[in-house]
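Me: I should like to take a close look at one part of this model, the place where the two chains meet. Please describe it in full and define each term as it arises.

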There are 2 protein chains.
Amino acid sequence: MQRICVDMDEVMADTLGEHIRRYNRTFDEDVTPYDLVGKGLWEITPLERRQQLRAFLDAEDFFEDLALIPGAQDVLKDLSARFDIFIATQAMAVPNSLGPKYRWLQRHFPFIPPANYVFCGDKRILRADYLIDDLPKNLLRFEGQGLLYTAPHNLTATGFVRVDNWLQVAQYFAGVPG
Amino acid sequence: MQRICVDMDEVMADTLGEHIRRYNRTFDEDVTPYDLVGKGLWEITPLERRQQLRAFLDAEDFFEDLALIPGAQDVLKDLSARFDIFIATQAMAVPNSLGPKYRWLQRHFPFIPPANYVFCGDKRILRADYLIDDLPKNLLRFEGQGLLYTAPHNLTATGFVRVDNWLQVAQYFAGVPG
């Protein structure tokens, strides 16, 4: 059975949406994802606000209740019948996210066993056939086939197999033997 | 640079020692590691105490302050100059261990960056050249070269390259190109 690793932030969970929401609320701004084509929220944030931008992520409740990326549940449920699904998330840069990420996955993806969660940093460590991830640097380090999941910051990245949404993920793997 | 994954419990941290200590204190027993040749603490624990045995692991403070396995720090520090060292620990069966394991590693192994921590379940997911682990089942699933780190429960296991202590780990890798 082929193995697919799936990133969490921006692929399964709308982390950016929550980050923008807290940013706008705190600084009375009106940033939208459309302001972030080809860049991260960090890059449009004035220097004097960057410490606070980081503090949002460190808050105990930040990762507890993120919105789902539409289609992630249904498509992963279908794929898990034919593929070995692992969740591979960069959790080590924000240690307060470890517990919340575990609980979020259990709540929203009960069909994926915790033994298949991988909380890591550098994704070179993953032995899998596929990795679905929004970060080009993760795909470049991965030795299998990468799929770049579209997010505002990566819209200008080229040279990757790209999926814009979970429907396209389903279509891609429809043609792949499990 | 070749990559070595290192398990935490019984390899870097004396998890069994703490488990036995809490067991003996709670039940006024006198179990020692010598009572556990070829078996886990679970197997010698009467059924009516097993829920408590599990509860010890779930306690918030269990993984916070485990004793070090002698030699782990010095040998890993030396090896990290020649090898790519990752820590790969089964943390998903005890989600309360996630934060404490992170903090323990930072405190005792500051020379290993958090990006090289892997909190996982099934160790099939690891892409590395070597895995040092006390659990035969983890080594059987791993695709690289496994080294069985001796612990009471695995003393009867055969068919593995075995290391009894960190001195033997250092000796093994002295003959391996980095």
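Reply: The copies meet through the same surface, because 100% of the interface residues of chain A are also interface residues in chain B. This is a predicted model, in which local features need pLDDT of at least 70 and side-chain atom pairs count only at pLDDT 80 or more, while totals for chains, interfaces and linings use all residues. Residues are numbered from 1 along each chain as its sequence is written, chains are lettered from A and ligands numbered from 1 in the order in which they are written, and side-chain values use heavy atoms, with hydrogens and water left out.

The arrangement of the two chains comes first. Two copies of a chain are related by a rotation about an axis and a shift along it. Here a rotation of 180° with 0.0 Å of shift along its axis superposes chain A on chain B, with an RMSD of 0.0 Å; that is the relation of a two-fold axis. The superposition is by least squares on the C-alpha atoms of residues with pLDDT of at least 70 in both copies.

Next comes the extent of the interface. In chain A, 24 residues are in contact with 24 residues of chain B, where contact means heavy atoms within 4.5 Å. Between them, the chains bury about 2,200 Å², and 59% of this lies on carbon and sulfur atoms. Buried area is the accessible area (1.4 Å probe) that two parts lose on being put together, summed over both. On the side of chain A, the residues that lose the most area to chain B are A:M92, A:I125 and A:R127, together 35% of what that side buries.

Polar and charged groups also take part. There are 15 residue pairs in polar contact between chain A and chain B, both residues being at pLDDT 80 or more. A polar contact is a pair of N or O atoms within 3.5 Å; within protein, one must be able to donate a hydrogen and the other to accept it, and residues adjacent in sequence count only if both atoms are side-chain atoms. The elements of chain A that give two or more residues to this side are β1 (3–6), β2 (84–90), α5 (98–108) and β3 (117–120), and β3(A) gives the most, with 4 residues. Such elements are DSSP runs numbered from the N terminus: helices (H or I, at least four residues) and strands (E, at least two). By type, the residues on this side divide into 15 nonpolar, 3 polar and 6 charged. Here Ala, Val, Leu, Ile, Met, Phe, Trp, Tyr, Cys and Pro count as nonpolar, Asp, Glu, Lys and Arg as charged, and the others, Gly among them, as polar.

The count of salt bridges between the chains is 4; a salt bridge is a side-chain nitrogen of Lys or Arg within 4 Å of a carboxyl oxygen of Asp or Glu. One of them joins A:R124 to B:D84, with the closest N and O atoms 3.1 Å apart.

Finally, A:V118 shows the interface at the level of one residue. A:V118 lies in strand β3 of chain A. With a relative accessible area of 1%, A:V118 is buried, a word that means under 20% relative accessible area, whereas exposed means over 50% and partly exposed in between (1.4 Å probe, protein chains only). Not counting residues up to four places away in sequence, A:V118 touches A:F86, A:I87, A:A88, A:T89 and A:L126 in chain A, and B:V118, B:F119, B:C120 and B:I125 across the interface. The C-alpha atoms of A:V118 and A:I87 are 5.8 Å apart, although 31 residues separate the two along the chain.
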